Amino acid sequence: MGLRGLFGFGKPKVAVQVSGDVIIVRLPGTSFSVTYERSNGALVATDFGGTDIHREISMPVFLSQAWQAANAKAKELRWIA
């Protein structure tokens, strides 16, 4: 998967999954993953890691995009304002 395949309008195409009080965000084509827990009206990253063997995206860039996706999902679920 090339760099262009990862981005649509400047944002990686992350996969967001909700399980109970956690939101898990992954980036297909990499092993990047971050888990956010719902805690007192906020999201807290509790576990993250992974690599991109093709070195097309860095962990900080992924975490930034994952936070935006998790935040949007949490607002959609009315977990946060």
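Here are questions and answers on a predicted model of one chain.

Student: What kind of model is this, and how are residues and side chains handled?
Tutor: Residues are numbered from 1 along each chain as its sequence is written, and side-chain values use heavy atoms, leaving out hydrogens and water. The model is predicted: local features need pLDDT of at least 70, side-chain atom pairs count only at pLDDT 80 or more, and totals for chains, interfaces and linings use all residues.

Student: What is the mean pLDDT of the chain?
Tutor: pLDDT is the predictor's confidence in each residue, from 0 to 100. In this chain, 85% of residues reach 70 or more. The mean is 85.

Student: Where does pLDDT stay under 50?
Tutor: Where pLDDT is low, the predicted coordinates should not be read in detail. The stretch in question has 16 contacts beyond four places in sequence, a contact being heavy atoms within 4.5 Å. It is residues 1-9.

Student: What pattern do the helices and strands follow along the sequence?
Tutor: Helices (H or I, at least four residues) and strands (E, at least two) are DSSP runs, numbered from the N terminus. The chain has two helices and six strands. Read along the sequence, the pattern is α-β-β-β-β-β-β-α.

Student: Which element gives the most residues to the largest nonpolar core?
Tutor: Such a core is a set of buried Ala, Val, Leu, Ile, Met, Phe, Trp, Tyr and Cys residues joined through side-chain atoms within 4.5 Å. Buried means under 20% relative accessible area, exposed over 50%, and partly exposed in between (1.4 Å probe, protein chains only). Of the 15 residues in this core, I23, V25, Y36, L43 and F62 touch the most other members, and the elements giving two or more residues are β4 (22-26), β5 (33-39) and α2 (59-76). With five residues, the top contributor is α2.

Student: Which residues of α2 does I23 touch?
Tutor: Residues up to four places away in sequence are not counted. The partners of I23 include V34, T35, Y36 and L43. α2 spans 59-76, and I23 also touches A70, K73 and A74.

Student: What span does α2 reach from its first C-alpha to its last?
Tutor: The expected span of a helix is 1.5 Å times one less than its number of residues. α2 has 18 residues, for which 26 Å is expected. The model is close to that, at 25 Å.

Student: Is A66 buried or exposed, and what is its relative accessible area?
Tutor: A66 lies in helix α2 and touches V25, V34 and Y36, not counting residues up to four places away in sequence. A66 and Y36 are 30 residues apart in sequence and 9.6 Å apart in space, C-alpha to C-alpha. A66 is buried, with a relative accessible area of 0%.

Student: How are the rings of F32 and F62 arranged?
Tutor: Rings of Phe, Tyr and Trp (its six-membered ring) pair if their centres lie within 6.5 Å; planes under 30 degrees apart count as stacked, over 60 as edge-to-face and the rest as tilted. The count comes to two aromatic pairs. In this one the centres are 5.2 Å apart and the planes are at 15°, so the pair is stacked.

Student: Which parts does the F32 and F62 pair tie together?
Tutor: Both F32 and F62 are buried. The two parts are 30 residues apart in sequence. They are the loop between β4 and β5, which holds F32, and helix α2, which holds F62.

Student: How far apart are the closest N and O atoms of D21 and R38?
Tutor: A salt bridge is a side-chain nitrogen of Lys or Arg within 4 Å of a carboxyl oxygen of Asp or Glu. A search of the whole structure finds two. D21 forms one with R38, at 3.7 Å. D21 lies in the loop between β3 (15-19) and β4 and R38 in strand β5, so the pair ties together parts whose separation in sequence is 17 residues.

Student: Which residue forms a salt bridge with E76?
Tutor: E76 is exposed at 57% relative accessibility. Its partner sits three residues apart from it in helix α2, about one helical turn. The closest N and O atoms are 3.1 Å apart, and the partner is K73.

Student: Which residue with a positive phi follows α2?
Tutor: Most residues other than glycine have a negative phi. N40, in the loop between β5 and β6 (42-49), has a positive phi of about 50° although it is not a glycine. After α2, phi is near 65° at R78.
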